[in-house]
Each structure stands twice: as structure tokens, then as C-alpha cells.
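Here is a walk through one protein chain, starting with its charged pairs and ending with its overall build. Keep the viewer open as you read.

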Amino acid sequence: MRYQQLIFDVDNTLLNFSAGETVALTTLFEKHGIAPTPSLVAAYQRYNTSLWRQIEAGALTKDELFAKRFVTFFKEQLGQTVGPEVDQEYLGYQLGIITNGVAKVQKSRLSESGLAPLFSSVLVSETVGVEKPDPVIFERFFATSEVAPEQSIMIGDGLPSDIVGAHKAHLASVWYNPRRVANTSGVTPTVTVANHQELTDLLTQWAHA
């Protein structure tokens with residue numbers, strides 16, 4: 001795996017795309033000889049969401065979720081017996097967020113999208129007092145991150161914020177550019193992708209590297 005941590009922007013990037021989860025599931029299923037069909041991925045996502053709803057209701061702990069989610073899913077849906085260590089295979093990427101905006105609004109949007117539980121670190125500019133591309137916001141993120149900057153990559157659609165910010169912080173970057181906007185920033189992203197499929201393919205390639 002080339003990178004251990006994917007750091008997403010929220011607006012127009014993450015909320016339109018759940019690449020990290022899809023790639024992780026695809027890689028895990030393929031490792032166990034299972035075809036990662038869209039219906040199977042969707043079935044797991046529904047099941048996983050139901051478990052997180054139980055946590056919110058106080059009927060399940062996170063430790064219980066991590067111990068049972070794949071053990072139960074593989075047994076009931078695939079007829080295979082696996083141990084709880086499969087959960088560590090699934091967590092191939094550490095997922096983080098660095099986003100500009102109002103903390104309450106952004107965190108609410110993440111919660112409503114159902115994606116919030118996937119991310120170990122979420123940093124909103126309002127809580128730092130500076131916005132991307134200021135390198136301070138990246139420094140604050142990595143002050144508590146378990147993964148070093150050289151093992152991380154920023155993924156975002158904002159050329160002047162995400163990509164220029166990553167450059168200032170000496171961080172690799174993926175520019176998600178579906179509108180194919182011309183790059184006049186003077187900064188060259190590590191990779192440019194034009195759609196979700198290209199980004200999925202890229203992350204899958206790294207996951208198998």
C-alpha cells in the first residue's frame with residue numbers, strides 16, 4: 001500500500017463519494033476469494049449501518065461491533081467462518097478529514113450521510129481559526145494523527161484550498177477535478193482524476209501495491 005492515510009475534503013468531494021469504504025470492502029472480499037458485486041457491497045453497508053444505529057441507541061459498544069461485524073456477515077451472507085481479525089484487514093486505510101467551514105454544520109452533514117463512523121480524525125477550520133490552504137491546519141491535524149504526513153495523501157476538489165494547501169504542507173495530493181478546470185495555480189498535484197471511477201481505481205491500485 002503506497003499510502004496509509006487518505007485525508008478527504010468534505011464539500012463536493014467526500015459527500016459525493018465514499019471511495020475509502022468501497023475500496024476497503026472490495027480489497028477484503030477479493031482477498032477471501034469473494035466477488036465484490038455491487039449487491040454484496042450494498043448488503044454489507046446496510047448491515048454495518050444497522051450496527052452503528054445500535055451503538056447510537058446504546059445497545060452495542062464499538063468493541064462489540066468490531067468483534068462481530070465481519071464474523072456475523074461472512075457467516076450469514078457468505079457461509080464462511082472468519083475470526084475478528086478480519087476487521088483489521090478491512091481497515092486498510094486510515095481515513096481523515098480536513099475541511100473548511102462551520103464545525104457544527106460539517107459534522108452534522110457527516111453524521112446525516114452515515115459516513116462519520118469511518119473517520120478517525122475530523123478537523124474543521126472553525127476549530128483551528130485558519131482555513132486551507134494555511135499549512136497550520138495541516139500541522140494541527142498531524143499533531144494528533146497516528147500516521148505521518150509522508151504516508152498520507154490529501155484528496156479534494158479545491159485547487160486553491162486542498163491542493164495548494166497540501167503543497168504548502170509538503171503533502172501528496174489528489175485533485176478531484178470532474179469539471180476539468182484549468183490549473184493556473186502553479187502547483188502540480190500528485191495525481192489528477194476526473195471522476196469517481198478514476199479515483200476508485202487509483203485507490204484500489206494503491207491498496208494492492
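## Salt bridges first

D9 has a relative accessibility of 7% and so counts as buried (under 20% relative accessible area; exposed is over 50% and partly exposed is in between, using a 1.4 Å probe and protein chains only). Bear in mind that this is a predicted model, where local features need pLDDT of at least 70 and side-chain atom pairs count only at pLDDT 80 or more, while totals for chains, interfaces and linings use all residues. Residues are numbered from 1 along each chain as its sequence is written, and side-chain values use heavy atoms, with hydrogens and water left out.

What does D9 pair with? Its salt-bridge partner is K132. A salt bridge here is a side-chain nitrogen of Lys or Arg within 4 Å of a carboxyl oxygen of Asp or Glu, and the count comes to 3. Here they are, with the closest N and O atoms:

| Acid | Base | N to O distance |
|---|---|---|
| D9 | K132 | 3.0 Å |
| D11 | R109 | 2.3 Å |
| D162 | K132 | 2.5 Å |

D9 and K132 link distant parts of the chain, 123 residues apart: D9 sits in the loop between β1 (5–8) and α1 (19–31), and K132 in the loop between α6 (125–128) and α7 (135–144). Helices (H or I, at least four residues) and strands (E, at least two) are DSSP runs, numbered from the N terminus. K132 is buried too, at a relative accessible area of 4%.

K132 also meets D162 in a salt bridge. D162 lies in helix α8 (residues 159–168), so this pair ties together parts that are 30 residues apart in sequence. D162 and K132 are both buried, and together with D9 they are linked in a network of salt bridges.

The bridge between R109 and D11 links distant parts as well: R109 is in helix α5 (residues 103–113), D11 is in the loop between β1 and α1, and 98 residues separate them. R109 is partly exposed at 33% relative accessibility, and D11 is partly exposed at 27%.

## Helix α3 and its aromatics

Now look at α3. Its 17 residues should span 24 Å at 1.5 Å a residue, and its end C-alpha atoms are 23 Å apart, which agrees; the expected span is 1.5 Å times one less than the number of residues. The helix bends by about 35° at K68, the bend being the angle between axes fitted to the seven residues ending there and the seven starting there. After α3 comes G79, with a positive phi near 70°.

Which residues of α3 are buried? They are L65, R69, F70, F73 and F74. F70 and F74 are 4 residues apart in α3 (residues 62–78), about one helical turn. An α-helix has 3.6 residues a turn, so residues three or four places apart point the same way.

The whole structure has 10 aromatic pairs. F70 and F74 make an edge-to-face one, 6.2 Å centre to centre with 75° between the planes. Rings of Phe, Tyr and Trp (its six-membered ring) pair if their centres lie within 6.5 Å; planes under 30 degrees apart are stacked, over 60 edge-to-face, and the rest tilted. F70 and F74 also belong to one aromatic cluster with F29, Y44, Y47 and F73.

## The whole chain

The secondary structure comes to 9 helices and 6 strands. The C-alpha trace spans about 55 × 35 × 30 Å along its principal axes, and 45% of the 209 residues count as buried.
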